[in-house]
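Hi everyone, thanks for making room for me on the agenda. I'd like to walk you through one chain today, so please have a look at the screen.

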Amino acid sequence: GDFDATKNTRRGNALAFQHRRYTNVRTRKEVQPAAPFGVQRGPRRKDASSRLNARPQDNLVSGIAEIGLGFSLGVLWSEYSIASTGCGPLNFSDVLERVCYQGIIALAGLALFNRIVT
């Protein structure tokens, strides 16, 4: 490993981690070890709202995702009907089926464009 424990005092509790000194083997500088499970280091946040990073664009993204979910359900229903009967669904108009297929293609292209741009 990269770390060498010097002055290792094993006391059997979580506070023993604070008294150990770790040295990076390559740089010979002291480093602070990772905190044991359940122990938090650093400043604590005052309230839960400071951890939420909601943006106005998130509503738009979730709305597009819901529309895409509806399109994909329409495409899956159409594909299942074609696989089982050999023709499209009887209760599904051709225009609506076409809109679902084109919507999936458009949303996939939008996702790819967004991935490239951002």
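I'll go from the overall fold to the surface, then to the pocket, and finish with a few single residues.

A word on the ground rules. This is a predicted model, where local features need pLDDT of at least 70 and side-chain atom pairs count only at pLDDT 80 or more, while totals for chains, interfaces and linings use all residues. Residues are numbered from 1 along each chain as its sequence is written, and side-chain values use heavy atoms, with hydrogens and water left out.

So, the fold. The chain has three helices and three strands; these are DSSP runs numbered from the N terminus, with at least four residues of H or I for a helix and at least two of E for a strand. Reading from the N terminus, the order is β-α-β-β-α-α. Of the 118 residues, 15% are buried, where buried means under 20% relative accessible area, exposed means over 50%, and partly exposed is in between, with a 1.4 Å probe and protein chains only. If we take contacts (heavy atoms within 4.5 Å) between residues at least 6 apart in sequence, 25% of them join residues at least 24 apart.

Now the outside. About 10100 Å² of the chain is exposed, and carbon and sulfur atoms supply 59% of that; the areas come from the Shrake-Rupley method with a 1.4 Å probe, and for residues only the protein chains shown count as cover.

Which residues make the nonpolar surface patch? They are Leu60, Ile64, Leu110, Leu112, Phe113, Ile116 and Val117, covering about 710 Å². To qualify for a patch, residues need over 30% relative accessible area and no salt bridge, and nonpolar side chains (Val, Leu, Ile, Met, Phe, Trp, Tyr) are joined within 5 Å, like charges within 9 Å. A salt bridge here is a side-chain nitrogen of Lys or Arg within 4 Å of a carboxyl oxygen of Asp or Glu. Helix H2 (57–85) and helix H3 (94–117) each give at least two residues to the patch, with H3 giving the largest share, five. Ile116 sits in H3 and is exposed, because its relative accessible area is 64%.

On to the pocket. The largest one has a volume of about 360 Å³. Twelve residues line this pocket, and the closest to its centre are Val61, Ile64, Leu110, Ala111 and Asn114. For the definition: on a 1 Å grid over the protein atoms alone, a pocket is an open set of points where a 1.4 Å probe fits, with protein on both sides within 12 Å along at least five of seven lines, and lining residues have an atom within 4 Å of a point. The volume is the space filled by probe spheres set on the points, which are joined across faces, edges and corners. H2 and H3 each supply at least two lining residues, and here H2 has the largest share, six.

Finally, a few residues. Ser78, in H2, is buried because its relative accessible area is 0%. Beyond four places in sequence, Ser78 touches Pro89, Glu97 and Tyr101. Also in H2 is Ser81, buried at 10%.

Is Phe92, in the loop between H2 and H3, buried or exposed? Phe92 is buried, at 9%. Leaving aside neighbours within four places, its contacts are Gly74, Trp77, Glu97 and Cys100.

Thanks, and I'm happy to rotate the view for anyone.
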